[in-house]
Amino acid sequence: MSINAKSTRRPIVLVVDDFADNREMYSEYLSFAGYDVIEARNGLEAIDAARQRLPDIIIMDLSLPVMDGWEATRRLKADERTRRIPVVALTGHALAGHSKVAQEAGCDSFLAKPCLPDQLVAEIRRMLESGKAVVTTTKGAS
Amino acid sequence: MAAAVPTQAPRSGAESPRDAAARPALVELLLFSDDAAECARATVDWLAERGGARKSICALIDAESGTLKHVAAAGVSEGQIESLHLALEAPDHPLVFALAGREPVSLGKRRAPDSWRNDFLAIPLPLSEAWEARQGLLLVSPARCEPEARWAAEMLGQKIAHLRASAATAGSAHKVQRERELLLNILNASPDPILLTDPEGRMIIDSAADPILVTDSSGKILLMNSPAERLFTAPDLDERAEAERAVRSNDAHFSSFISNLFLTGSGLRWRGEIPLTNPSTLQPLPVEAVAGKVMSEHGEVTAVVTILHDRTEAIEKARLYEQLKAASEQLEEKVREATAELVRRNELLQRQHLELEQASQLKSQFLANMSHEFRTPLNAILGYTSMLLQGVSGDLAAPQKNKMLRVDSNARHLLSIIKDILDISRIEAGKMPLHLEEFEMPALVAELLAEVEPLIQKARLQTLTDLRRGNALVVSDRQKVKQIVLDLLTNAIKFTPHGQVKVMVREDQRRGEVSIAVEDTGIGIAPQDQDKVFEDFRQADNSVTREYGGAGLGLAICRRLAKMLDGRIELQSRLGRGSTFTLVIPRKGKRQ
């Protein structure tokens with residue numbers, strides 16, 4: 001892949017949230033902000049989508065039905081195919097300890113709800129910037 | 001002397017009544033004899049030989065048995081002697097009748113028993129002054145020898161009276177002698193001989209508080225001191241009958257004690273308790289009696305010395321002791337109960353504590369859930385509002401944009417309230433962790449002022465800082481100090497329509513404290529409202545909430561946070577002039 005191709009390709013963001021309004025709100029804004037967005041409503045869907053589409057970054061709500069965000073993150077990080085994808089935990093649970101558990105599960109960063117769409121975009125940019133080499137390598141390898 | 005009475009029947013007695021030598025012979029006989037029976041025999045013999053009596057009998061009264069007993073007889077039959085033995089209680093009997101008078105009585109003329117029909121003359125032995133008791137009779141027959149018989153009876157009567165009086169005197173002398181011996185024995189047995197010998201010693205016994213009695217072996221009281229007299233003699237009282245009864249009862253109890261001593265006590269000493277009664281007060285007087293036997297040289301008990309010791313006090317003490325013991329046991333029981341109760345309550349408290357902890361856990365969990373539930377829709381509200389304002393769905397016209405701004409600001413306000421509530425809950429639940437670190441206060445103030453700069457600008461206020469006397473390193477939770485001072489600053493800006501906001505940092509080296517004061521020229525707080533502003537959901541005036549916004553939780557949280565840091569928030573304010581809120585914290589972390 002050429003440098004050009006990389007720069008013109010829209011990064012893929014997987015948004016995992018069971019609450020449709022939030023999921024679609026982020027989805028719409030991220031599209032507006034120039035990302036390709038795929039959505040998942042629970043941990044299992046998230047794992048499937050991640051394996052199929054290999055997104056550049058995953059925005060993971062932690063309280064989810066079927067399989068929660070922590071478990072999904074653990075599985076993604078345990079899987080050779082998906083373990084390099086950065087996971088940003090996003091949760092309404094603001095109690096101390098949640099971020100710690102999220103980190104232990106393998107989340108790369110942590111955002112507390114409410115999180116404005118532009119704040120989320122800023123965090124995605126930061127994460128992708130810092131992990132650019134890795135992401136690129138992964139993409140290149142596949 | 002030993003002449004057989006019936007065989008010496010006189011024959012020539014009739015001729016010799018007036019024998020001048022006859023009377024002195026009897027007198028001589030009587031004079032040299034000290035035995036009543038011997039004298040009687042001599043008299044009877046004399047009557048037969050010299051007085052002309054064919055039959056004569058002398059009978060004396062035996063005081064002990066209360067009967068008449070013959071002691072000498074001459075010329076009478078066995079049957080007549082037998083019938084003479086009679087009890088003196090029969091008043092109709094001619095002999096008893098004769099005995100009661102002073103003159104001779106002819107039995108033949110009275111209705112005497114058959115055996116006495118033979119014209120006996122009964123001559124009573126005369127009463128003597130010294131011995132005023134009936135003594136006996138002299139019976140003679142025939143009656144014509146009355147003059148000689150009367151004279152003989154007179155002589156014999158006097159002699160017998162004399163003998164009996166002597167015997168009585170001898171008895172008294174013997175008793176006196178015995179008492180003397182007894183006292184001598186007591187003296188020998190007593191460790192302090194003075195006690196009983198002289199009047200002074202007697203006073204000592206009397207002055208002894210305890211009653212002391214000396215008795216003979218039969219229990220008869222020989223000697224007692226004054227305290228004993230008070231127990232064993234009736235006092236002169238109105239209730240004399242009762243007192244006498246008490247004395248009698250005391251006597252009976254004491255005698256019983258003494259006889260027990262002889263029945264069971266083999267040793268010299270005997271100890272026992274006697275339930276006496278005080279005759280003066282008629283109150284029960286329990287005594288402890290200690291009796292000692294006084295032995296004669298021959299090993300016989302001559303007397304018993306008994307000392308009585310009043311046990312009332314001892315018994316009262318014992319009773320009090322029992323009461324005390326009972327009370328103590330009651331107390332012990334109560335303590336036991338109280339301890340059990342304490343244990344029970346402690347367990348209850350522990351259980352309640354556990355339940356409270358569980359409840360607190362549940363509350364924290366609930367708040368976490370609630371917070372999540374609030375944040376999820378707020379996230380959507382704020383997100384969509386933000387998107388619309390950013391023109392994601394196309395540019396908004398000014399009126400729409402203004403209204404969206406209001407939605408946004410209210411949503412943010414709601415969010416801040418939720419955050420505050422969560423903060424308070426976390427502090428209350430002890431779930432607010434403390435992170436102590438070293439930092440410079442002036443730098444923190446600069447950082448804060450930079451953060452509120454937009455607000456200051458907007459409110460058109462001046463800011464001043466005075467950091468000269470607070471350039472010290474502080475060890476505390478920087479994040480929480482920042483949260484508190486930020487709240488104080490935003491409050492100051494919020495409630496100051498115009499003027500200035502000044503931040504001053506001071507160090508109190510003596511007290512080891514650092515203070516950050518935020519002074520404004522705002523609306524101020526009335527004195528009566530100055531405590532209220534720190535309460536949950538309170539602002540000085542409800543109308544303030546409407547005018548200035550805010551949930552009124554900021555200062556309540558600040559106060560809690562300051563307490564967590566082992567510090568405090570002070571307030572000085574004048575209505576209409578402004579307020580100064582000061583956070584004071586220890587310079588070196590939490591004081592322990």
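Biologist: Which residues have the most contacts inside the largest nonpolar core, and what makes it a nonpolar core?

Modeller: Those with the most contacts inside this core of 44 residues are B:C58, B:A122, B:L137, B:L138, B:V140, B:A149 and B:L156. The set is called a nonpolar core because it consists of buried Ala, Val, Leu, Ile, Met, Phe, Trp, Tyr and Cys residues joined through C-beta atoms within 7 Å. A residue is buried if 20 or more other C-beta atoms lie within 10 Å of its own, exposed if 12 or fewer, and partly exposed in between, with C-beta atoms placed from the backbone. Helix 2 of chain B gives the most to this core, with eight residues; helices (H or I, at least four residues) and strands (E, at least two) are DSSP runs numbered from the N terminus. Apart from this core lies another, of 38 residues, among them A:V15, A:L62, A:I124 and B:Y384.

Biologist: On what kind of model do these statements rest, and how are residues and chains labelled?

Modeller: The model is predicted: local features need pLDDT of at least 70, side-chain atom pairs count only at pLDDT 80 or more, and totals for chains, interfaces and linings use all residues. Residues are numbered from 1 along each chain as its sequence is written, while chains are lettered from A and ligands numbered from 1 in the order in which they are written.

Biologist: What is the mean pLDDT of chain A, and where does pLDDT stay under 50?

Modeller: On this scale of the predictor's confidence in each residue, from 0 to 100, chain A has a mean of 80, and 81% of its residues reach 70 or more. Residues 1–6 of chain A stay under 50, and the pLDDT is below 50 over residues 133–142 of chain A as well.

Biologist: Why are strand 2 and strand 5 of chain A called edge strands?

Modeller: Two strands pair if DSSP finds at least two bridges between them. Strand 2 (36–40) and strand 5 (109–112) of chain A each pair on one side only, so they are the edge strands. The open sheet has five strands in the order 2-1-3-4-5, with parallel pairing. Five bridges join strand 1 (residues 12–16) to strand 2 of chain A, so these two strands satisfy the definition of a pair.

Biologist: Which element of chain B gives the most to the side that touches chain A?

Modeller: The contact (C-beta atoms, placed from the backbone, within 7 Å) takes 19 residues from chain B and 19 residues from chain A. Helix 10 of chain B gives the most to the side of chain B, with 13 residues.

Terms used
Contact = placed C-beta atoms within 7 Å.
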